[in-house]
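This report introduces one structure to a reader who has not met it before. The sequence and the structure come first, and the description follows.

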Amino acid sequence: MFDAHFHVIDPDHPLIPNQGFLPEPFTVQDYRKHADAHGITGGAVVSGSFQGFDQGYLLSALRQLGPGWAGVTQLDPAVSDEEILRLDKAGVRAVRFTLARGGEFDIDLAKRAHDVAGWHTELYVDGAQLPGLLPLLKQLPLVSVDHLGLSEEGLPHVLEAADRGVRVKATGFGRVRLDVAAALRRIDAVNPQALLFGTDLPGTRAPRPFRASDLDQITQVLGDDALDRLADNGRAWYRVNQPAPAST
């Protein structure tokens, strides 16, 4: 399995309160306990709003996780091309904008990250906001949307985006305001490559964090091979290889 969306919260690195919120620690070791229990062998560490532009925690997490794992970061608009390439060499593959947490979308930065290192853009955004962003999104070749687009109101716009090639993260089932099963079914029908599974661990600020039944729901809705298929989607999107099995 490939976990396309989780967070590492390392207290050895800076944390910035966002809307008065600071998360509890959730280290690579904490995450590994969950990942191993579910057969997860790769994934994407995603920078949260509370981590600002700090890259130290992300580089440390990627070193600890090793091959098969990628990073998603937030960037200072003044970042140099050399720094983007340094992060790319360490395994970072995307830049994220947390619009749902009060962040701003910098189209010039997103375009530069793609031009310099081939990164895609990740948006934490209510799907209802997508029509207003469409003129900007059309300028980007590679985009994904977090947490199924969050709302029932936004789902039609998420479906339109998926039809244009935008990826949609099947994550955060405990934080969305929509019918998860219906959303999964409709997005997958529009574009079988669109959905990327993620745990959203540790589920900061979510009314209900990830649980094993979320996996059951995916297979019940999309079929017994769905988790393998979504893992393939995730690895292709983040450009990482599946780790070779350990020799015996």
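Helices are DSSP runs of type H or I with at least four residues, and they are numbered from the N terminus. Helix H2 spans residues 56-65, and Leu59 belongs to it. The model described here is a predicted one.

**The annotated region**

The UniProt record, in an unreviewed entry, lists residues 3-230 as "domain: Amidohydrolase-related". Within residues 3-230, helix accounts for 37% of the chain and strand for 15%. The C-alpha atoms at the two ends of this stretch are 9 Å apart.

**Three buried residues**

The table gives the relative accessible area of three residues.

| Residue | Relative accessible area | Class |
|---|---|---|
| His7 | 5% | buried |
| Leu59 | 12% | buried |
| Asp214 | 5% | buried |

A residue counts as buried under 20% relative accessible area. Leu59 is therefore classed as buried, as its value is 12%.

**Leu59 and its partners**

Which residues does Leu59 contact, leaving aside its neighbours within four places in sequence? They are Arg86, Leu87 and Ala90. Leu59 and Leu87 are separated by 28 residues in sequence, while their C-alpha atoms are 7.8 Å apart in space.

**The crossing of H3 and H4**

Helix H3 covers residues 81-90 and helix H4 covers residues 107-117. Their axes come within 10 Å and cross at roughly 65°. The crossing is right-handed. On the H3 side, the contact is made by Asp81, Ile84, Leu85 and Asp88; H4 contributes Arg112, Ala113, Val116 and Ala117. By character, the residues of this contact comprise five nonpolar and three charged, with no polar ones.

**His7 in its loop**

His7 is located in the loop that runs between strand S1 (2-6) and helix H1 (28-37). With a relative accessible area of 5%, His7 is buried. A polar atom of its side chain lies 2.7 Å from the backbone oxygen of Val46. When residues up to four places away in sequence are not counted, His7 touches Phe26, Val46, Ser47, Gly48, Arg96, Asp200, Leu201 and Pro202. Val46 thus appears among the residues that His7 touches.

**Asp214 in helix H8**

Asp214 is part of helix H8, which comprises residues 212-222. Is Asp214 buried or exposed? Asp214 counts as buried because its relative accessibility is 5%. Residues up to four places away in sequence being set aside, Asp214 touches Phe173 and Arg208.

Key
Residues are numbered from 1 along each chain as its sequence is written. This is a predicted model: local features need pLDDT of at least 70, side-chain atom pairs count only at pLDDT 80 or more; totals for chains, interfaces and linings use all residues. Side-chain values use heavy atoms; hydrogens and water are left out. Axes are lines fitted to C-alpha atoms, for helices over the stretch in contact, and angles run from 0 to 180 degrees between N-to-C directions. A crossing is left-handed if the near helix is turned anticlockwise from the far one by less than a right angle, and right-handed if clockwise. Contact means heavy atoms within 4.5 Å. Ala, Val, Leu, Ile, Met, Phe, Trp, Tyr, Cys and Pro count as nonpolar, Asp, Glu, Lys and Arg as charged, and the others, Gly among them, as polar. Buried means under 20% relative accessible area, exposed over 50%, partly exposed in between (1.4 Å probe, protein chains only). A polar contact is a pair of N or O atoms within 3.5 Å; within protein, one must be able to donate a hydrogen and the other to accept it, and residues adjacent in sequence count only if both atoms are side-chain atoms. UniProt positions are given in the numbering used here, feature names are shortened, and annotations may be inferred rather than shown by experiment.
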